Amino acid sequence: MMDVPMPLDGAERLAELIRLLMSHAPAAIAMFDLDMRYVMATPRWHTDFRLGDQSLIGRSHYEVFPDIPDHWKAMHQRCMMGASERNEEEPFARSDGRIDWIRGEIVPWRDSQGEIGGIIMFSEVITQSRRAEETIKRMAHSDPLTDLPNKQLFMDRLNQAVVHASAHERQLAVMFLDLDRFKLINDTLGHDIGDLLLMSIAERLAGCMTAQDTVARLGGDEFTIILGDVSSATEVANIADTILAALAKPIRVRDQELFISTSIGISMFPVDGSNSVHLLKNADAALYRAKERGNGYEFYVSEMNAAAPERLALENSLRRAMDRGELSLHYQPQMDLVTGRIVGAEALARWNHPDWGMVPPATFIPLAEETGLIIPITEWVLRTACQQSKAWQTAGWPAIRISVNLSGRSFKQRDLASMVDRVFRETGLLPQHLDLELTESSLMEDVEATTATLGRLNAMGIQLSIDDFGTGYSSLSYLKRFPLSTLKIDRSFIRDLANDQDDAAIVKAIIALAHSLCLRVVAEGVETEEQLNFLRNENCDEIQGYYFSRPLPADAFAQFLAKQAASQASTHTPVIPPSSARFA
Ligand code: C2E
Ligand code: MG
Ligand code: MG
């Protein structure tokens, strides 16, 4: 008999066809009987679920995957009752700790009699694409350097926080932080160090927060914070203190210890703004003020926007005065009463406004103090005066002491000593040629802080004077303790010296007191020869006033020095200059 191949009947042909499809299908498909035992599985099922080439046929699905969650088992059961099931992206936590993200469909299959014989699962393991999606999402919402939320996510969260706070009648706070002089670190130590520093800052900030808060980096050295649920401004101020303290600790980057100070502007919902944009804008305005004042953090106050118009015009003009070159310095010589030589010059600020002309310091210095503009102005005055003094030395004039007035607020500026040090380094002036004039009131305000600041400045080699002495209130015991070098008698006591017995007695007493404390005495506002003679008789050390010279622009001051030198060279004896040498 010929060996004729048996033709396959219909059912077998179908089964063969299914086997063929299953062995080539580029998808994870498995077929189960009613006891959830494998009937068939595609090669892709093996690879996607990392099952290798072990045989699955006849084995229970729940034995192969002991970690199948109950709700999936329930789904299988429903399917066996005839339902079709679909699951969208679900995590499948495996006992080895890995998580597979799965999405799929399950359908029942029926035998030739039309009875349900089990189920077929079509699964897609989407872990990788899901990871990619998450990375993209994270990149769109976070700052790649610090991994903190970026501005977009910050604003989203702030919007949500505002909605939540208004619904529950709660307060929230927005903080805007900016590192002081980060640009300098970036420029001098390089961007790598700058980046590492920002990462450390981000970590420290995150360490100060609770789970309800958000810290974000807007870019550069700007960070923002949402304090989700706060009960008072005091609570917020305490948190600001904590943040400042955390960031003030030295930060080790590579082999360097970096010290950084920070300024924080704060706005609060609902008082400072009803929406996220206003809150952020007002926190930024407060930050600007914190920077000017140099005192760490500032709350937003609405007067920042609603000042009286004239004052605002003055303030705005003053803000721009430095950039527009409207500020200048005049120098008033100080003369030694014994030698007749110029031993010092006081730098006095002048504001030449294009419309208003010369605005006197008595008008703009108090405004600058009030608005905080005094901080950048003082730095400008100091730098300009030191530069000028160094230039005179370079031009061959004997070194004289240059005096700069420090307002109360500048004196309290946290980084005063480092600012002054920076100016020395930039201008090349030696510290012993600088004298800082302080007022009695600013010295006596916070004696402990004053002692520390004066100690620091004194250690740098700077001379320290007390200005307008007699107009304020000084404690003698503190005067003794502070490392001062000079006491300047206020002009008001000098004015009537010739006629007023009381003034004469006061001036005598001040000179004696100063000398007993080993302080040099400078008399201010000396206008007449009579006054000068009186002061010389009382052993006053130096005089400053119109008698000798008004404050002069730098070039006129240099001419004054030249005239002085010429007259002293011709007489060989240092004398008080004749009235012809006076600059009226
Ligand atoms: P001050 O520090 O006591 O400066 C002395 C003031 O007396 C100067 O006024 C000077 O021009 C004036 N003066 C000097 N000799 C005579 C005189 O013989 N007769 C009269 N009548 N006045 C004389 P100025 O330049 O108008 O400055 C006024 C005040 O403004 C200064 O008093 C000082 O407190 C403040 N100031 C000036 N520049 C600055 C600055 O750069 N920073 C700060 N914080 N304050 C400054
Ligand atoms: Mg002065
Ligand atoms: Mg004075």
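Modeller: Quick definition before we start: a pocket here is an open set of grid points with protein on both sides within 12 Å along at least five of seven lines. And keep in mind that this is a predicted model.

Colleague: Fine. Which pocket does ligand 1 take up?

Modeller: The protein buries 82% of the 790 Å² that ligand 1 exposes when taken alone. As for the space ligand 1 takes, that is the largest pocket.

Colleague: Which element gives the most residues to the shell around ligand 1?

Modeller: The shell has 21 residues. Elements giving two or more of them are helix H12 (361-371), strand E18 (463-469) and strand E14 (342-353). With four residues, the top contributor is E14.

Colleague: Which residue puts a polar side-chain atom 2.9 Å from an oxygen atom of ligand 1?

Modeller: Let's go through the polar contacts. Ala349 uses a polar backbone atom, 3.0 Å from a nitrogen atom of the ligand, and Glu346 has a side-chain N or O atom 3.0 Å from a ligand oxygen. The side chain you're after, at 2.9 Å from an oxygen of ligand 1, belongs to Arg350.

Colleague: Now the metals. Which residue bridges the two magnesium ions, ligand 3 and ligand 2?

Modeller: Ligand 3 has protein donors from Asp467, Asp468 and Glu524, lying 2.0 to 2.5 Å from it. The two ions lie 3.7 Å apart, and the residue bridging them is Asp467.

Colleague: And how many residues apart are Asp467 and Glu524?

Modeller: The donor residues of ligand 3 are spaced D-D-x55-E in sequence. Asp467 is in strand E18 and Glu524 in strand E20 (residues 520-524), so by the chain numbering this pair links distant parts of the chain, the separation being 57 residues.

Notes: Residues numbered from 1 in each chain as written. Chains lettered and ligands numbered in written order. Predicted model: local features only at pLDDT ≥ 70, side-chain atom pairs only at ≥ 80, totals over all residues. Heavy atoms only, no water. Near = heavy atom within 4 Å. Polar contact = N/O pair within 3.5 Å; in protein donor to acceptor, adjacent residues only side chain to side chain. Areas by Shrake-Rupley, 256 points an atom, 1.4 Å probe, with all protein chains shown as cover. 1 Å grid on protein atoms, 1.4 Å probe; cavity = no way out; pocket = protein on both sides within 12 Å on 5 of 7 lines; lining within 4 Å. Sits in = over half its atoms within 2 Å of the grid points. Donors = N, O, S within 2.8 Å, 3.2 Å for Na, K, Ca; no water.
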